[in-house]
Amino acid sequence: MTSSSDDYNFNSGYDDAEELESLDIDGNGDVDEAAVRTWDTTVNADVEEIGFDGSAKPPKPPRKKMGAVATAFVTVIVALAVVALAAGAWWMWQTRWRTVHVSVDGTEVSARADTTIQTFLDANDDFGRTRGRLLSLKGKVLDNNGGAPVSVSVNGTAVPVNDYAVTTIADAREMTVTPGKDITEAHVSETRTKHYGTDINLNNGPIQVVTQQGEDGEEEVWIGKRSKEEVVHQETKPMRNLTVKSFAPQPEGKKVIALTFDDGPSQYTGRILDILKEKKVKATFFDLGEEALAYPQLEQRMVKEGHQVASHSVSHPYMPDMSRDELRKEILTSFDDLENASDTKTRVLRAPYGAFGVQQWKDTADIVDMNVLWSIDTLDWKRPGAKAIHDEVLKNAYNGAVALMHAGGGNRTQDIQALPSIIDDLRKQGYSFVTIDELCEMGGVPKPAQGKE
Ligand SMILES: [Zn+2]
């Protein structure tokens with residue numbers, strides 16, 4: 001660059017040094033004062049003579065007054081600037097540069113005032129406090145550091161986690177740092193139907209009763225987004241089990257027995273009704289629907305003479321072999337047949353052969369109130385002789401017993417022969433005769449919980 005400036009001297013058009021040298025009149029190297037004054041005069045005269053428009057300029061106002069105002073103005077500006085700088089510096093000092101001493105859980109820790117809580121925590125390794133854990137819905141640890149950050153309280157006031165990065169420690173005197181709380185994973189919620197179960201106990205006695213209808217429930221299930229765990233959060237509708245209980249009623253302070261006759265009505269049933277009428281005994285008839293329709297006058301007589309009429313199916317099928325639909329149709333039709341024959345309504349059943357298990361109850365609990373078995377089986381259908389039938393009843397009689405005999409389904413002559421002595425001899429032992437409904441009433445059997453058909 002130096003050499004290039006030697007080659008091209010852009011300032012050489014007017015060389016001050018050269019000019020001043022020319023004013024060194026006496027040649028001693030100093031600029032001659034008189035000569036400078038002369039030169040100055042000459043230049044000033046030239047300026048005064050030539051204006052831009054060629055005319056002479058008016059005389060300038062005195063410079064001294066203008067200078068005083070400007071000086072005052074500048075002084076104020078400078079003073080203001082100094083104050084502003086001082087204020088700014090003070091502010092910076094207070095909020096940023098100053099060193100703050102914070103008592104963190106009793107230990108003094110220092111940092112610049114503009115340190116954020118987040119930086120303060122990071123620089124001090126969270127003061128040894130740990131983050132919370134991320135837990136599954138069932139409480140399993142999914143992530144040891146997945147929970148809430150440590151929580152900070154400044155001068156007694158909790159600082160929201162979201163403010164850690166924007167809040168400085170400038171005003172902090174005391175700080176408390178506590179371990180972060182555990183967080184439970186996020187979840188989705190589902191409403192699920194809870195299908196009812198069954199509570200069916202048929203082992204406690206001959207009289208089986210529906211005590212509670214089955215009812216589906218509903219529950220809110222939470223599914224952990226991360227763990228996929230499923231937890232029942234709440235039951236929104238209670239589920240109720242279908243409940244069937246069995247009873248052996250033994251009315252307190254009584255000595256009662258229920259005589260029951262199956263498979264009628266038939267050509268033998270009229271003779272049985274005659275004996276019962278003569279002996280003033282009420283019994284229970286489990287009739288077949290098709291026989292009731294064949295002998296409607298007998299069916300009507302049973303009702304009229306105060307006996308209980310209930311169903312023994314339409315045509316005596318083995319019910320466990322039937323589908324749900326077949327079974328329901330069989331039972332409902334038999335109820336209708338009895339109603340059509342004798343204008344009486346019943347929801348009480350004695351299943352043929354007594355064959356009625358848990359599945360049959362599940363299939364029909366909404367249409368059947370009660371299934372009635374027996375406690376004394378006369379085995380009369382084997383026709384063992386009138387005496388054997390009589391003896392079987394007398395031998396096994398007890399308060400609350402249910403004796404099984406037949407009014408149809410074959411030749412019932414032996415039953416007709418045995419019946420008067422059965423009644424007379426039981427009476428001699430102090431027994432009185434009741435229908436199934438009366439036995440249940442006296443024995444405290446709960447009323448059936450009827451379903452909606
Ligand atoms: Zn039968």
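1. Buried residues make up 27% of the 453 residues in the protein chain. Here a residue is buried if 20 or more other C-beta atoms lie within 10 Å of its own, exposed if 12 or fewer, and partly exposed in between, with C-beta atoms placed from the backbone. Please keep in mind that this is a predicted model: local features need pLDDT of at least 70, side-chain atom pairs count only at pLDDT 80 or more, and totals for chains, interfaces and linings use all residues. Residues are numbered from 1 along each chain as its sequence is written.

2. For a first overview, the protein chain has 13 helices and 22 strands. Helices (H or I, at least four residues) and strands (E, at least two) are DSSP runs, numbered from the N terminus. Of the contacts in the protein chain with a separation of 6 or more, 74% are between residues 24 or more positions apart. Two residues are in contact if their C-beta atoms, placed from the backbone, lie within 7 Å.

3. A good place to look next is residues 67-93, where UniProt, in an unreviewed entry, places the feature "transmembrane region". UniProt positions are given in the numbering used here, feature names are shortened, and annotations may be inferred rather than shown by experiment. In the model, the chain over residues 67-93 is 100% helix and 0% strand. The end C-alpha atoms of this stretch are 38 Å apart.

4. Now to a pair of helices. Two packed helices are described by the angle between their axes and the distance between the axes. Helix H8 (residues 296-304) packs with helix H9 (residues 324-342) at an angle of about 85 degrees, and their axes are 8 Å apart. Axes are lines fitted to C-alpha atoms, for helices over the stretch in contact, and angles run from 0 to 180 degrees between N-to-C directions. H8 and H9 are therefore roughly perpendicular to each other; angles under 35 degrees count as roughly parallel, over 145 as roughly antiparallel, 65 to 115 as roughly perpendicular and the rest as oblique. On the H8 side the contact is made by Pro296, Glu299, Gln300, Met302 and Val303, and on the H9 side by Leu338, Ala341 and Ser342. By class, this contact has 5 nonpolar, 2 polar and 1 charged residues. Ala, Val, Leu, Ile, Met, Phe, Trp, Tyr, Cys and Pro count as nonpolar, Asp, Glu, Lys and Arg as charged, and the others, Gly among them, as polar.

5. The strands E9, E12 and E13 are worth following together. Two strands pair if DSSP finds at least two bridges between them. E9 and E12 run antiparallel and are joined by 8 bridges, with Val221 in E12 as the bridge partner of Glu190. Strand E12 (residues 217-224) also pairs with E13 in the antiparallel sense, over 6 bridges. Ile223 has Glu230 of E13 as its bridge partner, while Glu219 is matched with Glu235 of E13. E12 and E13 form a hairpin with 5 residues between them, and Lys228 in the turn has a positive phi of about 70 degrees. Strand E13 (residues 230-237) is hardly covered, since the count of buried residues among its 8 residues is 0.

6. Arg192 shows how E9 meets residues far along the chain. This residue lies in strand E9 (residues 187-194) and is partly exposed, with 13 other C-beta atoms within 10 Å. Leaving aside neighbours within four places in sequence, Arg192 is in contact with Glu219 and Val221. The C-alpha atoms of Arg192 and Glu220 are separated by 6.3 Å, although these residues are 28 apart along the chain.

7. There is also an open sheet of 3 strands in the order E4-E3-E8, with mixed pairing. Its edge strands are E4 (141-143) and E8 (183-184), each of which pairs on one side only. E3 and E4 pair in the antiparallel sense over 2 bridges, and the bridge partner of Leu134 in E4 is Asp143.

8. Finally, some backbone details to check. Most residues other than glycine have a negative phi, and most peptide bonds are trans. Asp126, in the loop between helix H5 (117-123) and strand E3 (134-135), has a positive phi of about 55 degrees. Asn155, in the loop between strand E5 (151-154) and strand E6 (157-159), has a positive phi of about 50 degrees. Asp126 counts as partly exposed, with 17 C-beta neighbours inside 10 Å, whereas Asn155 is exposed, with 12 other C-beta atoms within 10 Å. A cis peptide bond joins Gly264 and Pro265, with omega about -10 degrees. Pro265 sits in the loop between strand E15 (256-262) and helix H6 (269-278).
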